[in-house]
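The following paragraphs walk through the strands of a sheet, the helices that lie on it, and finally the cysteines. Please keep the sequence and the coordinates at hand while reading.

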Amino acid sequence: MPPQLAQCPNSRGAYVVAIAIASPLEIRLGKAAPILLRPGRYLYFGSAYGPGGLRARLGRHFRKHKSIRWHVDQLTTAGEVLGAWAVPQGDECALLRRLDDLPVPIDGFGASDCATCRSHLLRWPRRVPRRAIVVALAADTGVRPVWLPAGG
C-alpha cells in the first residue's frame with residue numbers, strides 16, 4: 001500500500017479526487033467525438049463499495065500507469081492527482097450535490113450509470129479555496145472528510 005494511503009479509512013464509502021490538468025486534454029466518452037478539457041483543477045466524485053473499499057479504489061486512482069477502464073483514468077494518467085477526500089459510508093451523488101454550484105465541464109463524465117447526476121466531474125476554479133470544498137463536503141453530516149495527499 002502506498003504510504004499516503006495509510007491514513008485512508010479501511011472501509012467502503014465515497015471519495016472526491018482532486019486532479020490538475022496542465023495542458024488541453026482530449027477526453028473520450030464511449031464512441032462520441034472527443035471533448036477538449038481545458039487546463040485547470042477538477043474534482044471527480046466516485047464510490048468504493050466493492051472489494052478493498054476506499055483504499056483499493058484510491059490506490060488505483062493515485063497510480064499513474066494503468067489501463068484505461070473508467071472515464072477518470074483518462075485524467076489520472078494524463079494529469080496530476082493532487083489527492084483525495086475520503087468519506088466513509090458516503091454517497092458520491094450527495095457529495096456532488098453539496099458542490100453543484102461549481103461548473104460541469106463534461107456532461108455524462110463518470111456518470112453513465114447514474115440516473116440523477118449530470119456529471120461526476122466538476123471544475124475547481126482557483127477562486128474557490130480548499131477549505132470551502134471541505135466545508136461543503138462535511139455539510140449536514142458532522143463527518144469531516146479525510147484528506148489523502150497523492151505525493152509520497
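In this predicted model, five strands form an open sheet whose order is E6-E4-E1-E5-E7, and the pairing between them is antiparallel. The edges of the sheet are strand E6, residues 121-123, and strand E7, residues 146-149, each of which pairs on one side only. If direction is ignored, neighbouring strands of this sheet are turned by 20 degrees against each other on average.

Within that arrangement, strand E1, which covers residues 13-21, runs antiparallel to strand E4, residues 40-48, and nine bridges join the two. For a reader who wishes to find the register of this pair in the coordinates, Tyr15 can serve as a marker, since it stands opposite Gly46 in E4.

Two helices pack on the sheet, and they can be described in turn. Helix H1, residues 53-62, touches E1, E4, E7 and strand E5 (80-88), and the direction of helix H1 makes about 170 degrees with that of E5. Helix H2, residues 71-78, also packs on the sheet, where its contacts are with E1, E4, E5 and E6, and the direction of helix H2 makes about 45 degrees with that of E1.

Strand E4 deserves a further look, as both helices touch it. This strand is mostly covered, with eight of its nine residues buried. Besides its pairing with E1, strand E4 pairs with E6 in the antiparallel sense, here over three bridges. In that pairing, Tyr42 stands opposite Arg123 in E6.

The cysteines remain to be considered. A disulfide is a covalent bond between the sulfur atoms of two cysteines. How many disulfides does a search of the whole structure find? The search finds zero, and the distances between sulfur atoms show why for two of the cysteines, given that a disulfide requires a pair of sulfur atoms within 2.5 Å. For Cys8, the closest cysteine sulfur is that of Cys93, and because the separation is 19 Å, it is too far for a bond. For Cys117, the closest cysteine sulfur is again in Cys93, at 3.4 Å, which is likewise too far for a bond. As for their surroundings, Cys8 is buried, with a relative accessible area of 2%, and Cys117 is buried as well, with a relative accessible area of 12%.

Conventions:
Residues numbered from 1 in each chain as written. Predicted model: local features only at pLDDT ≥ 70, side-chain atom pairs only at ≥ 80, totals over all residues. Heavy atoms only, no water. Pairing = 2+ DSSP bridges. Helix = DSSP H or I, 4+ residues; strand = E, 2+ residues; numbered from the N terminus. Axes fitted to C-alpha atoms, helices over the stretch in contact; angles between N-to-C directions. Contact = heavy atoms within 4.5 Å. Buried < 20%, exposed > 50% of the residue type's maximum accessible area, 1.4 Å probe, protein only.
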